[in-house]
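Colleague: I would like a close look at a single part of this model. Please keep the sentences short and take me through it step by step.

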Amino acid sequence: LERVQYSFELLRAGQPVPRGTCLAAFLFKPFDELIRVGLLRRHEQETLSAHPGTTGMLIVGSVLCEQQTLKAGDMLLRLEGNVCISFAELEAVLDTRIG
C-alpha cells in the first residue's frame, strides 16, 4: 500500500503521479522454483542476508515486443545496487526514472 499512499498524497497536493515502466511483467517466485531455473545459491544467500525471512525474488514473466533488454525468465537480483524483492521497490525506482 505504500505506492497507493504515495500516489494519493500527490493527488491531494494537486500534483501528477509519475509512472515509469520497463515494458515487462514481473512475478514473485519462491527460491526453490528459481533454483530450478538457474538461480545460484550465493544469490539466494545474498538476498536472505539483505531481507531475512523472504521466501523468493522477482522474475520477468513476460515482455512486450518493444522490450529489447529483458527476456522472460530473467531474475531481478539487484536494482540500483540494492537487492530488490518487492513490487513496491521496483515501482518506486521505475517511477523515479521517467524520461
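In which helix is the place of E44? Please start there and then work outwards.

Modeller: This is a predicted model, so keep in mind that local features are described here where pLDDT is at least 70. E44 has its place in helix α3. That helix covers residues 41–50.

Start with E44 itself. Its relative accessibility is 10%. Buried means under 20%, so E44 counts as buried. Now look at what surrounds E44. Set aside the neighbours within four places in sequence, and E44 is in contact with F31, I35 and L39.

E44 also has a charged partner. A salt bridge joins E44 to R41, and their closest N and O atoms are 3.0 Å apart. Why does this pair sit about one helical turn apart? E44 and R41 are three residues apart in helix α3, and therefore about one helical turn separates them. The two partners are placed in opposite ways. E44 is buried, at 10% relative accessible area. R41 has 54% relative accessibility and counts as exposed.

Now take helix α3 as a whole. Its buried residues include E44, along with H43 and T47. Look down the axis of α3: the buried residues fall within an arc of 105°, so they line one face of the helix. Turn to the other side of α3, and R41, R42 and S49 are exposed there. What do the buried residues of α3 pack against? They pack against α2 (31–36), β2 and β4.

Next comes E46, with two salt bridges to follow. One of them is with R42: the side chains of E46 and R42 meet at 4.0 Å, N to O. E46 and R42 are four residues apart in helix α3, which means that about one helical turn separates them. E46 is partly exposed, with a relative accessible area of 33%.

The other salt bridge leaves the helix. The side chains of R78 and E46 meet at 3.8 Å, N to O. This pair links distant parts of the chain: R78 is in strand β3, E46 is in helix α3, and their positions lie 32 residues apart in the count. R78 is partly exposed, with a relative accessible area of 44%. Put these bridges together, and shared partners join R42, E46 and R78 into one network. The salt bridges in the model come to four.

Step back to the whole chain. The protein chain has four helices and four strands. Along the sequence they follow the pattern α-β-α-α-β-β-β-α. The chain has 99 residues, and 28% of them count as buried. Consider the contacts with a separation of 6 or more: residues 24 or more positions apart account for 63% of them. The chain exposes about 6600 Å², and carbon and sulfur atoms supply 56% of that area.

Then there is the nonpolar interior. In soluble globular proteins, nonpolar side chains tend to be buried together. Here the largest nonpolar core has nine residues: F26, L58, V60, L76, L79, C84, L90, V93 and L94. Both β2 and α4 (87–96) supply at least two residues of this core. The largest share comes from α4, with three residues. Look at L90 as one of the core residues. Leaving aside neighbours within four places in sequence, L90 is in contact with F26, L58, L76, L79 and C84. Another core lies apart from this one. That other core has five residues, among them L34, L39, M57 and I59. L39 brings us back to the start, as one of the contacts of E44.

Two loop residues round off the tour. K71 is in the loop between β2 (56–63) and β3 (78–79). Its relative accessibility is 55%, and K71 counts as exposed. Still, K71 is in contact with V60 and V63, leaving aside neighbours within four places in sequence. K71 and I59 are 12 residues apart in sequence, and their C-alpha atoms are 9.7 Å apart in space. E80 is in the loop between β3 and β4 (82–83). Its phi is near 55°, a positive value in a residue other than glycine. At 47% relative accessibility, E80 counts as partly exposed.

Notes. Residues numbered from 1 in each chain as written. Predicted model: local features only at pLDDT ≥ 70, side-chain atom pairs only at ≥ 80, totals over all residues. Heavy atoms only, no water. Buried < 20%, exposed > 50% of the residue type's maximum accessible area, 1.4 Å probe, protein only. Contact = heavy atoms within 4.5 Å. Core = buried A, V, L, I, M, F, W, Y, C linked by side-chain atoms within 4.5 Å. Areas by Shrake-Rupley, 256 points an atom, 1.4 Å probe, with all protein chains shown as cover. Arc of directions from axis to C-beta.
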